[in-house]
Protein chains: 2
Amino acid sequence: MSPAPVPAATVYSDARARILAAAQRLFAESGYDSTSISRVAQSAGVSKANIFHHFSSKQDLYLEVLHESRSHLENLFDDLKLSGDLTQRLARFLDRHLTSIYEREAGFRLLLHEMLTGEQHEAIAKRVGGDNFRRLVANLRAAQQQGDVRTGVDPAVVAFVLVAASAFFYLSRPVLRHTPEAEFADRPDHYVQQVADLITFGLRSVEERS
Amino acid sequence: MSPAPVPAATVYSDARARILAAAQRLFAESGYDSTSISRVAQSAGVSKANIFHHFSSKQDLYLEVLHESRSHLENLFDDLKLSGDLTQRLARFLDRHLTSIYEREAGFRLLLHEMLTGEQHEAIAKRVGGDNFRRLVANLRAAQQQGDVRTGVDPAVVAFVLVAASAFFYLSRPVLRHTPEAEFADRPDHYVQQVADLITFGLRSVEERS
DNA sequence: GTCTATATCGCGATAGAC
DNA sequence: GTCTATCGCGATATAGAC
């Protein structure tokens, strides 16, 4: 008996997936308008017409890419609930967050493009910000109620500054590499540790503390 | 005697200036490729051909806009050398920085576009980052040597986090407005004060401090 | 310096063979 | 599902009158 043939319906061409992958890379690099269907086709190894077979329009292709990317960004933030002292917990959070950004660089760049020029702000807030940010704020609020974090600080602001420290580090890095003062540009570990230390202990000299 | 006519050479048309202004606004809103010469012409109230009379190409127009914007961004950071306690100095710095961003919003958006997709990173570092960032780091280093800031923190990292806190706040604001946890999105004063407080004192509860 | 008219190109999208 | 060929349009850029 010959092996049962794979049912025809499941022998999908991978063209669609290759198109999505190529489109994500190119949209992420240069944004929507700067990316032509021709280049996507060339990069994916298919014809232009084939793209319009799988997607009804360029907009449709872009929205599918965006949708896929948003799903992959849903776990962009790690939970902060880790053992150890606060500085190490924050350093670990920042390290994971930065690592996540680089691991999902294309998706993250799409997100930045959308924040700068797009009009999907509500969708981003719901799908990316929503759960991630909510959990992070909740973690900080819990730490505050346990006395690990002093009262008076707004957990949402702290959460945002943590995210900003990683995200803007990614965005600025090419510029920082040409800034002599910013030696930390090539030392993400040092940067992460410094930020965690800064936020945990503050700037004040020890003798000044009340 | 009739009044002396204004010398012809000085009766410049303001078309060039209007083109530059319109181009800056449109490039800032949507980026390079999404902005057509036709729209710039329409917005500036001149013909397409007139734009090519004043500028040799679209690229040339964009580079002139970028050059002009960079000049106006040179004083984006205020000096930190202000009297008062450290928290208030930082709050004031952040407030002025954020105000500068909104006052020069178009130029700042162009900068973000370039950071995300451009290849002018070295020029940005030299013209925008350079002096601004250098002075800020120098201020912090001086405060450190005077004992106002504890040893162990890297002044460059602190400077960067301050900048990131303002810049990423601007970039994220449209998304934050749709994020229930981020009430500070509509309260920049509160946000600025919280960040200054956070960085000066850190997160630790008072009884934990060594 | 400013315009109208036009050239030329590459874009998104479609038609239709295989 | 995939291709070649093509359409129609708007893009950057140019020519030349005023």
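The copies meet through the same surface, because 100% of the interface residues of chain B are also interface residues in chain A. Two residues count as in contact if their C-beta atoms, placed from the backbone, lie within 7 Å. This is a predicted model, in which local features need pLDDT of at least 70, side-chain atom pairs count only at pLDDT 80 or more, and totals for chains, interfaces and linings use all residues. Residues are numbered from 1 along each chain as its sequence is written, while chains are lettered from A and ligands numbered from 1 in the order in which they are written.

**Confidence**

- Chain A has a mean pLDDT of 90, and 90% of its residues reach 70 or more; pLDDT is the predictor's confidence in each residue, from 0 to 100.
- In residues 4-11 of chain A the pLDDT is below 50, and this stretch has 1 contact in the model beyond near neighbours in sequence.
- Where pLDDT is low, the predicted coordinates should not be read in detail.

**Symmetry and interface**

- A turn of 180 degrees with a shift of 0.0 Å along the axis lays chain B on chain A with an RMSD of 0.1 Å, which is the relation of a two-fold axis.
- The superposition is by least squares on the C-alpha atoms of residues with pLDDT of at least 70 in both copies.
- In chain B, the C-alpha of G202(B) is nearest the axis, 1.8 Å from it.
- Chain B and chain A each bring 57 residues to their contact.
- On the side of chain B that touches chain A, α8(B) gives the most, with 13 residues.
- That side of chain B divides into 31 nonpolar, 15 polar and 11 charged residues (Ala, Val, Leu, Ile, Met, Phe, Trp, Tyr, Cys and Pro count as nonpolar, Asp, Glu, Lys and Arg as charged, and the others, Gly among them, as polar).

**Helix packing**

- In chain A, helix α7 (residues 121-145) and helix α8 (residues 155-176) pack at about 125 degrees, with axes 9 Å apart, which makes α7(A) oblique to α8(A).
- Helices (H or I, at least four residues) are DSSP runs, numbered from the N terminus as strands (E, at least two) are.
- Axes are lines fitted to C-alpha atoms, for helices over the stretch in contact, and angles run from 0 to 180 degrees between N-to-C directions.
- Angles under 35 degrees count as roughly parallel, over 145 as roughly antiparallel, 65 to 115 as roughly perpendicular and the rest as oblique.
- In chain B, the axes of helix α5 (residues 86-103) and α9(B) come within 8 Å and cross at roughly 135 degrees, so α5(B) is oblique to α9(B).
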